[in-house]
Amino acid sequence: MKQIIASLLAVFLTAVSAPSVALAQSGPLRIEITEGVIEPLPYAVPDFVAESAGGQQLAQQIARVVAEDLTGTGLFREVPREAHISQITSFGSPVQFADWKAINAQALITGAVSSEGGRVVVKFRVWDVFAGTELGQGMQFAGTADGWRRMAHKVADQVYSRITGESGYFDSRVVFVSESGPKDQRAKRLAVMDYDGANVQYLTGGNALVLAPRFSEDGQRVLYTSYETGMPRVHVLEVGTVQSRILQGQDGVMSFAPRFAPNGQTVVYSLTQGSNTDIWAMDIASGGSRQLTSAPSIETAPSYSPDGSQIVFESDRSGTQQLYVMSASGGEARRISFGQGRYSTPVWSPRGDMIAFTKQNAGRFHIGVMRTDGSEERLLTASFLDEGPTWAPNGRVIMFARETQGAQGSSSLYTVDISGRNLKRVRTPEGASDPSWGPLQ
Amino acid sequence: MRLTAKLTMLMAVLAVSACTNANRFDNDAVDLNAATGSAGGILPGSASDPRSPAYFQQTVGDRVLFAVDQSTLSPEARATLDGQVQWLLTNSDYNAVIEGHADEQGTRAYNLALGARRANSVMEYLVAQGIPTNRLRFVSYGKERPIEICSEESCYAKNRRAVTIISAGLTG
């Protein structure tokens, strides 16, 4: 709790001393994403222009998804369409900047949609209203009509990246466990969805209990734990074909908590022998495996650094769950978590600079982040049960699962900025847990 | 005959995972009235066949409970397991799978490992008391299969368990 208050204070002070949103009416249109961003940048996105017959609805829908993406970050605020003075009726016509200045839209996104024979082309421009200039260059994306949401996400990623200087995360997918049924008879299926909960597809049928899917870095494969054989065993699934197979290993031995190495060739996971759970690495192609830890305690939840050289994991060798870092080849591990409570499910950020984790303290669960040496711990959430963080591809946002208390309890996915702001529930058709955020496509 | 027994047991195992009623074997295909009082320790007139898995489950006691984050066996747990040992020694046709479980207050992977610790504690005890290793195996469900669903200690206490599930001998 103390930690949370401390981090909120830090946000406030930073914001006062160094306002980070480019509110000035001269100078480039720019958001510096720091903990200090508290005032979202106002922008307008009128309906895109339909350049072919019958394209009106699609043109409107695409603009709405762009707006949902941008506003959903908490960094942008949409000026409502009702307030617009100008209408954009032609993609090529000059922009009436004065009309957009008058409603204080600092950024304007214009676009057009045309379709021909099932093929859709979306083009867009981003305008710095107060400078009266275009920000970057116009671009276009082409695809099939049923891929329109992806094209909208690509537009939003471009806008986000041009204004913040960082890559976006909208055109990305999340693999997760879809949950149904009461707590004592819960059915679990692997599913994949767009980052915003749209386009859910199921990857397993729900007969076997499945847990904790993890995307490969290229988003083509998923590791997960399945009870299909009666024992929890690590499986690997090709997303394209939805074919899965069990990873090699000894029959009747539990293996779980898998994660890919950045090279996509090696898998780290936990293996249980007797009362002892250790971390192992396996070469997927050859099936050759190697034991990386050998303490008589529980070592699990391994996650590679983005350069593949180190592994962060949890261990209760000290008596309670704590976080440790070791070389990817095993050996001596150094403890990095020293605060009160238990630390678990560490995940290295894609930028390499932070580790997200679950923390359990005084009967509450938190999602938090710390530097890779354990310093600057910051708790982002607090609830009855939060667990299992996963990073957005740009390292700015974390998704996790939150389970509600009691007999009717159920699990949902949430996102939160690494600043601790902008906590939001992700809409999923059923209960959901164990998210793993894939790459920007 | 052997095959029939196996199938019956599979149904019984399924019934265990699908319901929380302590008398869940009552409606099952296992014949509970086949014999009475043929082995020591049961009340005359009991409906249960002491050689049946249902008897094991209801009368011997199929589960032991654990303290928070612990896998050590309490004196009560040992007493229950001593009964399990006697039953398994008498009924050597049967094997057993020990299922380890955790309450919901923990993260998923850790609870899987914790459930394994608990199941392994039971298995080691049974082996130490003379049950051959090849008749036993264990599996952990972590926090995935609670039998009580409230978010209070009264439920958590029952969920922190290791359950010995009797199965037809598969190893011969």
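The questions and answers below go through some features of this predicted model.

Me: How do the axes of helix H3 and helix H4 of chain B cross, roughly parallel, roughly perpendicular or oblique?
Reply: Helix H3 (residues 75-90) and helix H4 (residues 108-128) of chain B have axes that come within 10 Å and cross at roughly 55°. Angles under 35 degrees count as roughly parallel and 65 to 115 as roughly perpendicular. The crossing of H3(B) with H4(B) is therefore oblique.

Me: Which residues of H4(B) make the contact with H3(B)?
Reply: H3(B) passes H4(B) in a right-handed crossing. On the H3(B) side the contact is made by Arg78(B), Leu81(B), Asp82(B), Gln84(B), Val85(B) and Leu88(B). On the H4(B) side the residues are Val122(B), Tyr125(B) and Leu126(B).

Me: How many residues of the contact of H3(B) with H4(B) are nonpolar?
Reply: The residues of this contact divide into three groups. Two are charged and one is polar. The nonpolar residues number six.

Me: Is Ala257(A) buried or exposed?
Reply: Ala257(A) is not a glycine, yet has a positive phi of about 55°. Ala257(A) lies in strand S15 (residues 254-260) of chain A. Its relative accessible area is 13%, and because buried means under 20%, Ala257(A) counts as buried.

Me: Is Glu376(A) buried or exposed?
Reply: Glu376(A), a residue other than glycine, has a positive phi near 55°. Glu376(A) is in the loop between strand S25 (364-371) and strand S26 (378-379) of chain A. The relative accessibility of Glu376(A) is 52%, and the cut-off for exposed is over 50%, so Glu376(A) counts as exposed.

Me: What residue of chain B forms a salt bridge with Lys183(A)?
Reply: Lys183(A) is in the loop between strand S8 (172-180) and strand S9 (187-194) of chain A, and the pair crosses between chains to the loop between strand S2 (94-101) and H4 of chain B. Lys183(A) is buried at 7% relative accessibility, and the partner is buried with a relative accessible area of 12%. The closest N and O atoms are 3.0 Å apart, and the partner is Glu104(B).

Me: How many residues apart in sequence are the parts that the pair of Glu377(A) and Lys359(A) ties together?
Reply: The side chains of Glu377(A) and Lys359(A) meet in a salt bridge, 2.9 Å from N to O. Glu377(A) lies in the loop between S25 and S26 of chain A and Lys359(A) in strand S24 (residues 354-361), so the pair ties together parts of the chain. Glu377(A) is buried at 15% relative accessible area, and Lys359(A) is buried at 5%. The separation in sequence is 18 residues.

Me: Which residues of chain B are linked in the network of salt bridges with Lys188(A) and Glu179(A)?
Reply: Lys188(A) and Glu179(A) form a salt bridge of 3.4 Å, N to O, and both are buried. The network also links Arg186(A), Glu403(A) and Asp434(A). From chain B, the linked residues are Arg108(B) and Glu144(B).

Me: How far apart in space are Gly341(A) and Gly363(A), C-alpha to C-alpha?
Reply: Gly341(A) is in the loop between strand S22 (330-335) and strand S23 (342-348) of chain A, and is partly exposed at 28% relative accessibility. Residues that Gly341(A) touches include Thr320(A), Gln360(A) and Asn361(A). Gly341(A) and Gly363(A) are 22 residues apart in sequence, and their C-alpha distance is 9.4 Å.

Technical notes
Residues are numbered from 1 along each chain as its sequence is written. Chains are lettered from A and ligands numbered from 1 in the order in which they are written. This is a predicted model: local features need pLDDT of at least 70, side-chain atom pairs count only at pLDDT 80 or more; totals for chains, interfaces and linings use all residues. Side-chain values use heavy atoms; hydrogens and water are left out. Axes are lines fitted to C-alpha atoms, for helices over the stretch in contact, and angles run from 0 to 180 degrees between N-to-C directions. Helices (H or I, at least four residues) and strands (E, at least two) are DSSP runs, numbered from the N terminus. Angles under 35 degrees count as roughly parallel, over 145 as roughly antiparallel, 65 to 115 as roughly perpendicular and the rest as oblique. A crossing is left-handed if the near helix is turned anticlockwise from the far one by less than a right angle, and right-handed if clockwise. Contact means heavy atoms within 4.5 Å. Ala, Val, Leu, Ile, Met, Phe, Trp, Tyr, Cys and Pro count as nonpolar, Asp, Glu, Lys and Arg as charged, and the others, Gly among them, as polar. Buried means under 20% relative accessible area, exposed over 50%, partly exposed in between (1.4 Å probe, protein chains only). A salt bridge is a side-chain nitrogen of Lys or Arg within 4 Å of a carboxyl oxygen of Asp or Glu. Lists of a residue's contacts leave out its neighbours within four places in sequence.
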